[in-house]
Amino acid sequence: MTKFDTRESLPTVFGNKLAILPVTRGKYVIGEFDLYKDFPETAVGIKKLTGVRIPDYYETIDINNISSEANAINVMGIAGILDDFLSQEGMVQTVSGRMGSGVFSFEVETLDRKNRHTIHVQNSQVEIDGGFENQNIFSIIEGKNVVHSNFLIRQLYYPTRLWQNKIQKQIRPVFMIYSNNVFRLLEYRFSDPNNYSSIELVQERNYSLEDVDITINDLVRVFKETNIEDEPNVTFIQADSFNKVISLVENLKDNPMSTQEIAELFAFKLRQSDYYYNACKYLGLAEKKREEGNTLVYITELGTDLLKMKYKDRQLAYVSLILRHRIFHDLFEMVLNVGEVPDKNFVIRKMKELQVCSDNLLDRRSSSVRMWLYWILNLINVE
């Protein structure tokens, strides 16, 4: 009842101010503080995907079927991804699971950053997805296989404080997100170990086990080969994060869900759940079916076939599905000609010309159009 891993998952009764922290195994503190950290927005920044490989003798590992957070963490360790990311050698997983936090105190800042609260913790429950160690450092890993916009700092802070009281080595907390066959690693640090709110991003890098060499020529080829189709009878998109669209398709692969279950998985409000379902339907990747009185969202045959593709082919297939819609085809042609995504006013005028949605929705939904165009551009893998 108190597991709120993202800012959006907090209960409505908390409003926009309150949040909750465990202080023992049965007691909690509620206060006006922000316990969450936004992930960096990668839609307007290109990140290098570094190709890595799994040794051939691991017959039990299927890189096309990494279905859980634990599985992703294991593969990350075996492939040497964590070693490369942390510039270390011989990182081996030594701990995982639930454990007591020990006893410690810390400060957490209020939402306005003007005041601090002091919190005392005594043997609260802590769960570590993975702890990797070598002769120099200990790295705490928090892993997710669903794309969110932010995370609960406690998932890194409590384990950090626990192990700071137990070992002498430097502790390096890392958040790992596995989606779309890409490992996204973000290393954080606490500039003041006694201040929960002092979290800072140290570095970020993305890794893939497959060919990630996508060039502008690949995008031009897809653009030329994609034929514009008639617009489907589907609500026009209002889903800024194309990575979340992909994540939803992946999570539907073997698990049809209700819109309520989608909302819970992604920490969406219910209407956001509909937005992202409609985005998948717009691309032909998901559909709703009514069975035994329940309406569930299913992946389509097209979506299933797409997920079987290798990384590079799959990304280009997503691009083709986007560009078959005239609004995106026309705007991407402009991107190719001028080298950048057109501004919001131009996009709105184009949307109005093509009548993709009613006038009162143009402003909000133009943002999603621009973000999808940025997503396409950011596929280009450059040094």
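This passage describes the nonpolar cores, a surface patch, the salt bridges and the aromatic pairs of a predicted model.

Nonpolar side chains were examined first. In soluble globular proteins, nonpolar side chains tend to be buried together. In this model the largest nonpolar core comprises 62 residues, and Phe328 and Trp372 have the most contacts inside it. The element that gives the most to this core is helix H9, spanning residues 311–323, with eight residues. When neighbours within four places in sequence are left aside, Trp372 is in contact with Ile237, Ala239, Asp240, Phe242, Val245, Ala279, Tyr282, Leu283, Ile322 and Phe328. Phe328, named above for its contacts inside the core, is thus also a contact partner of Trp372. Another core, of 38 residues, lies apart from the one just described; among its members are Ile20, Phe106, Val126 and Leu156.

Nonpolar side chains also occur at the surface. Tyr57, Tyr58 and Ile78 make a nonpolar surface patch of about 310 Å². Of these residues, Tyr57 is placed in the loop between strand S4 (49–51) and helix H1 (69–78). Its relative accessible area is 62%, so Tyr57 is classed as exposed, the cut-off being over 50%. The loop between S4 and H1 also holds Ser68. With a relative accessibility of 29%, Ser68 counts as partly exposed. The C-alpha atom of Ser68 is separated by 6.7 Å from that of Asn145, although the two residues are 77 residues apart along the chain.

Charged pairs were considered next. Side chains of opposite charge can pair when their charged atoms come close. The count of salt bridges in the model comes to 25. One of them is formed by Arg7 and Asp34, whose closest N and O atoms are 3.3 Å apart. Arg7 is in the segment before strand S1 (19–22), and Asp34 is in the loop between strand S2 (28–31) and strand S3 (36–38); the pair therefore ties together parts that are 27 residues apart in sequence. The partners fall into separate accessibility classes: Arg7 is partly exposed at 28% relative accessibility, whereas Asp34 is buried at 18%.

A salt bridge is also formed between Asp84 and Arg205, with 3.2 Å between the closest N and O atoms. This pair links distant parts of the chain, since Asp84 belongs to helix H2 (residues 81–86) and Arg205 to strand S13 (residues 199–208), 121 residues apart. Asp84 is partly exposed, with a relative accessible area of 36%, and Arg205 is likewise partly exposed, at 30% relative accessibility.

In the salt bridge between Glu109 and Arg113, the closest N and O atoms are 3.0 Å apart. Glu109 counts as buried at 14% relative accessibility, while Arg113 is partly exposed, with a relative accessible area of 47%. Elsewhere, Lys3, Asp5, Glu142 and Lys144 are joined into one network by salt bridges that share partners.

Aromatic side chains were examined last. A pair of aromatic rings is described by the distance of the centres and the angle of the planes. The structure holds 25 aromatic pairs. For Phe106 and Tyr157, the ring centres are 5.2 Å apart and the planes stand at 65°, so this pair is edge-to-face. Phe106 lies in strand S6 (residues 103–109) and Tyr157 in helix H3 (residues 154–164), and the pair links these distant parts of the chain, 51 residues apart. Both Phe106 and Tyr157 are buried. Phe106 is also one of the residues of the 38-residue core.

Phe151 and Phe175 form a tilted pair, with 4.7 Å from centre to centre and 45° between the planes. The positions of Phe151 in strand S10 (residues 150–152) and Phe175 in strand S11 (residues 170–179) are 24 residues apart in sequence, so the pair ties together these parts. Phe151 is buried, with a relative accessible area of 1%, and Phe175 is buried at 2% relative accessibility.

Ring pairs also extend into a cluster that links Phe104, Phe106, Tyr157, Tyr158, Phe190 and Tyr196. Phe106 and Tyr157, the edge-to-face pair described above, are both part of this cluster.

Definitions and conventions. Residues are numbered from 1 along each chain as its sequence is written. This is a predicted model: local features need pLDDT of at least 70, side-chain atom pairs count only at pLDDT 80 or more; totals for chains, interfaces and linings use all residues. Side-chain values use heavy atoms; hydrogens and water are left out. A nonpolar core is a set of buried Ala, Val, Leu, Ile, Met, Phe, Trp, Tyr and Cys residues joined through side-chain atoms within 4.5 Å. Buried means under 20% relative accessible area, exposed over 50%, partly exposed in between (1.4 Å probe, protein chains only). Helices (H or I, at least four residues) and strands (E, at least two) are DSSP runs, numbered from the N terminus. Contact means heavy atoms within 4.5 Å. Patches are made of residues with over 30% relative accessible area and no salt bridge: like charges are joined within 9 Å, nonpolar side chains (Val, Leu, Ile, Met, Phe, Trp, Tyr) within 5 Å. Accessible areas come from the Shrake-Rupley method with a 1.4 Å probe; for residues, only the protein chains shown count as cover. A salt bridge is a side-chain nitrogen of Lys or Arg within 4 Å of a carboxyl oxygen of Asp or Glu. Rings of Phe, Tyr and Trp (its six-membered ring) pair if their centres lie within 6.5 Å; planes under 30 degrees apart count as stacked, over 60 as edge-to-face and the rest as tilted.
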